[in-house]
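Ready to practise reading a protein model? Take a look at the sequence and the structure, then try each exercise before you read its solution.

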Amino acid sequence: EKSADFARVSEDVLRERQESPRTIFYVANYLYQGLSRHSRAIDILMNSRKRGLLDDSGTRTLVQYLHEQSMYQKSIPLLIELVETHPDEMSLRVLFIRALHRANQIQKADALIAATDEHFHAKDGAWVESNIIQFARICVEVGRLKRGIGYFEESINLHQRNARNRGIGDGTLSQYYYELAQAFSQVQNTEKAVDAAAAAIVSWGPRHDQRQNAVSQMQSVVNSAPDIDSYVKLLDQKAKKLGTDSPIIRKAIGNRFFNNKKYERALQQYELALELSPYDREIHLGLLKCYDKLEDSEGAVLQLLSQIDFDRHNLSLYTDLAQRAKENPNLAERAATSIVESAPNEAESHQALAKFREEQQRWNESIDHWQRVSELRKLEPTGLLGLANAQVHAKKWADAKQSIRQLRRQEWPARFSDVQNQARQIERRIKD
């Protein structure tokens with residue numbers, strides 16, 4: 001609401017020090033960045049340049065502002081002078097190529113690309129990774145994809161040759177591979193796009209948090225592939241011929257098919273992925289979701305049993321299995337009791353089975369497990385509250401009163417501030 005006042009003061013300062021390059025640049029930058037008065041800031045810098053008060057650094061900033069406002073044509077004369085003055089700075093040539101392309105001067109942009117390649121190859125020590133990668137990116141940006149792909153591959157080779165551990169784990173190599181994958185996607189070369197995306201995952205090394213973003217990028221590449229059916233056939237042929245396959249790629253394809261409601265095909269890809277990575281929880285979940293969509297209850301039960309074989313401490317699996325196996329009472333009961341058998345001395349196991357017994361209206365059995373929860377976690381009221389509630393449902397009034405008395409006698413940590421209120425609510429349901 002005071003921006004007009006700040007702008008007025010800025011203009012006053014500019015008038016007082018109109019021969020000071022430092023003040024001119026400071027005021028223009030403030031108007032542009034601080035007050036979003038873009039046109040005025042650009043006018044100030046343009047006028048300053050005409051009066052010879054703007055150095056090369058200020059001119060670069062002016063070019064940046066012009067590009068941000070899509071005024072590419074106006075930036076071209078400035079860039080001609082900057083590149084002539086600093087011919088070995090790739091960043092300036094990148095800006096120049098972008099400006100020519102966006103100003104629809106395509107032939108001049110192509111000529112500059114060719115000249116830049118020739119200049120940096122001819123100059124000793126200029127054709128280095130930091131320059132090549134900038135050049136690769138602008139070539140892809142302006143649609144010179146074949147050139148850009150070649151430069152990306154060259155950057156990757158240089159980075160692997162010079163970086164520690166061949167670039168594995170430093171993030172830079174992974175980023176290069178991802179950008180290469182994007183370029184291959186644009187030329188609709190799905191095989192090479194997926195290979196590059198897979199390399200982006202591998203080059204992150206073992207850290208899960210770092211790899212996760214690369215995995216998401218792989219999914220993006222697979223999702224955008226225009227010829228996914230042909231690629232799956234190619235993948236199958238390579239797997240048969242070479243005996244190698246990738247669970248990450250198969251899972252990504254499965255995810256795409258699932259999201260496109262092609263559940264049978266998704267199931268096939270998840271099954272192939274599971275053979276390669278049998279302990280991947282995401283693959284197991286994908287299979288389970290497919291069986292649900294296909295209304296294959298038997299397949300879902302078998303899938304849960306398969307996951308339980310290695311994921312024995314995931315209590316939700318047992319509960320899910322017990323609910324799904326209602327038509328098979330023996331299996332349902334076995335799944336329910338396995339909840340506790342998986343971790344008999346942990347409160348979470350007994351609490352999970354207690355809640356499941358409540359869903360079955362088997363209150364007496366629920367009581368036993370709530371009792372065990374209260375013993376295993378004496379410093380938390382959860383067990384006693386669950387126990388009292390179950391005792392009320394089982395009409396064990398005297399036992400419920402005793403549990404309430406025990407709740408009230410004990411001092412609980414501050415985070416359990418609602419204990420007394422919950423106890424009162426349960427107590428109101430006790431019959432004398």
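Here are four exercises on this predicted model, each with a worked solution.

**Exercise 1. One side of a helix**

Find the buried residues of helix H1 and work out how they are arranged around its axis.

*Solution.*
Step 1: Locate the helix. H1 covers residues 3–16, and its 14 residues reach 20 Å from the first C-alpha to the last, close to the 20 Å expected at 1.5 Å a residue.
Step 2: Pick out the residues under 20% relative accessible area. In H1 these buried residues are Ala-7, Ser-10, Glu-11 and Leu-14.
Step 3: Check their directions. They cover an arc of only 100° around the axis, so they sit on the same side of H1.
Step 4: Recall a helpful rule. An α-helix has 3.6 residues a turn, and therefore residues three or four places apart point the same way.
Step 5: See what this side meets. The buried residues of H1 pack against helix H2 (21–34) and helix H3 (38–50).

**Exercise 2. A buried charge**

Which side chain of opposite charge is nearest to Glu-129, and how far away is it?

*Solution.*
Step 1: Find Glu-129 in helix H8, which spans residues 129–141.
Step 2: Look for a partner. The nearest side chain of opposite charge belongs to Arg-137, 8.3 Å away.
Step 3: Compare with the cut-off. A salt bridge needs the nitrogen and oxygen within 4 Å, and Glu-129, although buried, has no salt bridge.
Step 4: List the neighbours. Leaving aside residues up to four places away in sequence, Glu-129 touches Ser-155, Leu-158, His-159, Thr-172 and Tyr-176.

**Exercise 3. Salt bridges across the sequence**

Describe where the partners of the salt bridges Glu-89 with Arg-60 and Arg-265 with Asp-229 lie.

*Solution.*
Step 1: Start with Glu-89 and Arg-60, whose side chains meet at 2.7 Å, N to O. Glu-89 is in the loop between helix H5 (72–85) and helix H6 (90–102), while Arg-60 is in helix H4, 29 residues apart.
Step 2: Turn to Arg-265 and Asp-229, which meet at 2.8 Å, N to O. Arg-265 lies in helix H15 and Asp-229 in helix H13, so this pair ties together parts 36 residues apart in sequence.

**Exercise 4. Buried or partly exposed?**

Arg-250 forms a salt bridge with Asp-245: is each partner buried or partly exposed?

*Solution.*
Step 1: Note the distance: the closest N and O atoms are 2.9 Å apart.
Step 2: Classify Arg-250. With 1% relative accessibility, Arg-250 is buried.
Step 3: Classify Asp-245. With a relative accessible area of 28%, Asp-245 is partly exposed.

Notes. Residues are numbered from 1 along each chain as its sequence is written. This is a predicted model: local features need pLDDT of at least 70, side-chain atom pairs count only at pLDDT 80 or more; totals for chains, interfaces and linings use all residues. Side-chain values use heavy atoms; hydrogens and water are left out. Helices (H or I, at least four residues) and strands (E, at least two) are DSSP runs, numbered from the N terminus. The expected span of a helix is 1.5 Å times one less than its number of residues. Buried means under 20% relative accessible area, exposed over 50%, partly exposed in between (1.4 Å probe, protein chains only). The arc is that of the directions from the helix axis to the C-beta atoms. Contact means heavy atoms within 4.5 Å. Lys and Arg count as positive and Asp and Glu as negative; His and the chain ends are not counted.
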